[in-house]
Amino acid sequence: MNLNSYHHYATPEFLKNYWYPLVLSSEVPADKPYSTLLLGDPLVIFRDNNGKAICLHDACPHQGLPLSLGKVKDGNIECAYHGWQFGASGECIKIPCLEDDKLPKSAKCRFAYPTEERLGVIWVFAGLPEM
């Protein structure tokens, strides 16, 4: 049995409703995305223009390529495949071949995780925002 796929589909809900320390703050630079897993789910952590840590599901909704293979551009994460850019909320904010007012509303990351930086550690909440 593949443990990664097992965790992804069978993680009990009670394990998701906690804050998890994922990475030391010093390991997430301003100019590069950081890839990690939380309860078997792929995550990408990057910093916005103000230096705030942002955590999204690590897959571009367009073709599924890990966003962590892309780059941080103007405080957003840019997919390495077609250059789609995503902001802190996981919403797509730029598609190179479209005008900004023509972006499809469905173009967003699967999850944007609540993220806090405390005591030199980046913490991510894996549960529902209302918990």
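This passage describes a surface patch, a three-stranded sheet and a buried phenylalanine in a predicted model. Residues are numbered from 1 along each chain as its sequence is written, and side-chain values use heavy atoms, with hydrogens and water left out. Local features need pLDDT of at least 70 and side-chain atom pairs count only at pLDDT 80 or more, whereas totals for chains, interfaces and linings use all residues.

Phenylalanine 14 lies in helix α2 (residues 13-16); helices (H or I, at least four residues) and strands (E, at least two) are DSSP runs, numbered from the N terminus. With a relative accessible area of 55%, phenylalanine 14 is exposed, the classes being buried under 20%, exposed over 50% and partly exposed in between (1.4 Å probe, protein chains only). Phe14 forms a nonpolar surface patch with Leu15 and Tyr18.

An open sheet is formed by three strands in the order β1-β11-β10, with antiparallel pairing; two strands pair if DSSP finds at least two bridges between them. Its edge strands, β1 (19-24) and β10 (115-118), each pair on one side only. β10 pairs with strand β11 (residues 121-125) in the antiparallel sense over four bridges. Glutamate 116 stands opposite tryptophan 123 in β11.

Phenylalanine 86 is found in strand β7 (residues 85-86). The relative accessibility of phenylalanine 86 is 0%, so this residue counts as buried. Phenylalanine 86 is 19 residues from leucine 67 in sequence, and their C-alpha atoms are 9.3 Å apart in space.

Conventions. Patches are made of residues with over 30% relative accessible area and no salt bridge: like charges are joined within 9 Å, nonpolar side chains (Val, Leu, Ile, Met, Phe, Trp, Tyr) within 5 Å. Accessible areas come from the Shrake-Rupley method with a 1.4 Å probe; for residues, only the protein chains shown count as cover. A salt bridge is a side-chain nitrogen of Lys or Arg within 4 Å of a carboxyl oxygen of Asp or Glu.
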